[in-house]
Amino acid sequence: MTSLMRRSRHLFVMASIVLASAGIAQANFPQDVPERVQFQLGGIAASVDTEAGLSPAGGGVTAVVVFEDAFDIPIRDETFRFDGTWQMTGRHRLDFGYFNLDRAGARFTAADVEWGDYIFEQGAFVEAGISSSFIYSAYRYDFMQQDIVRVSGSFGISYMDLGASLAADGMVTDPGGTPIVGAVEEEGDVQLPVPLIGLQVEIALHRRVTLQFYSRFFFIDGFGIRGGINDTNVNLTWFANEHFGIGGGYQRYSIDVS
């Protein structure tokens with residue numbers, strides 16, 4: 001949780017700088033019509049780091065693996081995301097959306113890697129894959145509303161689907177040290193709803209253009225899982241009409257689950 005809190009402080013600093021300079025613009029929010037539903041579709045340049053561990057079927061503790069370092073999985077990738085907002089009344093909104101990111105890599109291991117019911121030995125050529133997707137819905141309240149700036153807090157629920165797999169052909173043993181003959185693939189998958197909280201700063205640069213900063217946090221300690229996810233985003237959106245916007249941005253996405 002320390003790293004999540006550190007990243008949230010960075011967002012607060014960024015938001016403060018923007019708020020201090022926002023008074024020079026003159027614009028109105030595209031969302032300023034009651035009971036309006038808006039949809040946003042955009043591309044994201046994502047920066048990701050992933051730490052995960054998979055315990056054996058019989059239970060026990062396993063070491064956490066940093067996938068990007070261990071298996072040469074790229075830390076940067078591009079994907080799309082879909083978001084929507086229903087402005088219920090005045091300061092009250094309902095946010096919803098979907099995000100998906102799949103990555104893969106391969107490398108000769110620098111040390112033994114314990115993953116589930118297998119140990120991938122030092123020097124084995126291991127192929128790794130990470131998949132992550134989230135469907136979320138959250139209530140958001142604008143606790144600060146100015147002509148061109150809004151600051152909101154949110155809480156809600158996200159249904160997450162996280163998967164991580166390792167595969168190798170040779171140099172794999174069971175925990176007792178017995179070599180495994182043939183190709184081996186071991187996958188861990190987590191699917192469950194988790195609570196989320198968030199902070200969002202939104203600035204109207206033009207009647208149809210908004211700049212958004214937000215950070216959302218997921219954390220769970222139960223069901224045999226303990227970990228957190230931080231989703232921090234800077235996004236610029238142009239609204240082609242009253243209900244649909246397109247845009248893009250930068251996302252910092254961190255996963256720590258074991």
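Which residue forms a salt bridge with Asp 72, and how far apart are the closest N and O atoms? In this predicted model, the partner of Asp 72 is Arg 107, with the closest N and O atoms 3.4 Å apart. Asp 72 sits in the loop between helix H2 (67-71) and E3, while Arg 107 belongs to strand E4 (residues 92-108), so the salt bridge ties together parts that are 35 residues apart in sequence. Asp 72 is partly exposed, with a relative accessible area of 44%, and Arg 107 likewise counts as partly exposed, at 34% relative accessibility.

**Overall architecture**

The secondary structure of the protein comprises 2 helices and 13 strands, and of its 258 residues, 47% count as buried. Among contacts between residues at least 6 apart in sequence, 67% join residues at least 24 apart. The protein exposes about 12,600 Å², of which carbon and sulfur atoms supply 59%.

**Salt bridges**

A search of the whole structure finds 9 salt bridges, including the three pairs tabulated here with their N to O distances.

| Acidic residue | Basic residue | N to O distance |
|---|---|---|
| Asp 49 | Arg 252 | 2.5 Å |
| Asp 72 | Arg 107 | 3.4 Å |
| Asp 142 | Arg 93 | 2.9 Å |

The side chains of Arg 93 and Asp 142 form a salt bridge, and since Arg 93 lies in strand E4 and Asp 142 in strand E7 (residues 125-145), the pair ties together parts that are 49 residues apart in sequence. Both Arg 93 and Asp 142 are buried, and they also take part in a network of salt bridges that links Arg 93, Asp 95, Arg 140, Asp 142 and Glu 202.

Asp 49 and Arg 252 meet through their side chains in a salt bridge; this pair links distant parts of the chain, with Asp 49 in strand E1 and Arg 252 in strand E13, 203 residues apart. Arg 252 is partly exposed, with a relative accessible area of 22%.

**Nonpolar surface patch**

Val 37, Phe 39, Leu 41, Phe 80, Trp 86, Tyr 98, Ile 135, Tyr 159, Trp 238, Phe 244 and Ile 246 form a nonpolar patch on the surface, together presenting about 990 Å² of accessible area. Strands E1 (37-52), E3 (76-89) and E13 (244-257) each supply at least two residues of the patch, and E1 gives the most, with 3 residues. Phe 80, which lies in strand E3, is partly exposed, with a relative accessible area of 42%.

**Surroundings of Ser 165**

Ser 165, in strand E8 (residues 149-169), is buried, with a relative accessible area of 14%. Leaving aside residues up to four places away in sequence, Ser 165 touches Phe 67, Trp 115, Glu 127, Ala 128, Gly 129, Glu 185, Glu 186 and Glu 187.

Methods
Residues are numbered from 1 along each chain as its sequence is written. This is a predicted model: local features need pLDDT of at least 70, side-chain atom pairs count only at pLDDT 80 or more; totals for chains, interfaces and linings use all residues. Side-chain values use heavy atoms; hydrogens and water are left out. Patches are made of residues with over 30% relative accessible area and no salt bridge: like charges are joined within 9 Å, nonpolar side chains (Val, Leu, Ile, Met, Phe, Trp, Tyr) within 5 Å. Accessible areas come from the Shrake-Rupley method with a 1.4 Å probe; for residues, only the protein chains shown count as cover. A salt bridge is a side-chain nitrogen of Lys or Arg within 4 Å of a carboxyl oxygen of Asp or Glu. Helices (H or I, at least four residues) and strands (E, at least two) are DSSP runs, numbered from the N terminus. Buried means under 20% relative accessible area, exposed over 50%, partly exposed in between (1.4 Å probe, protein chains only). Contact means heavy atoms within 4.5 Å.
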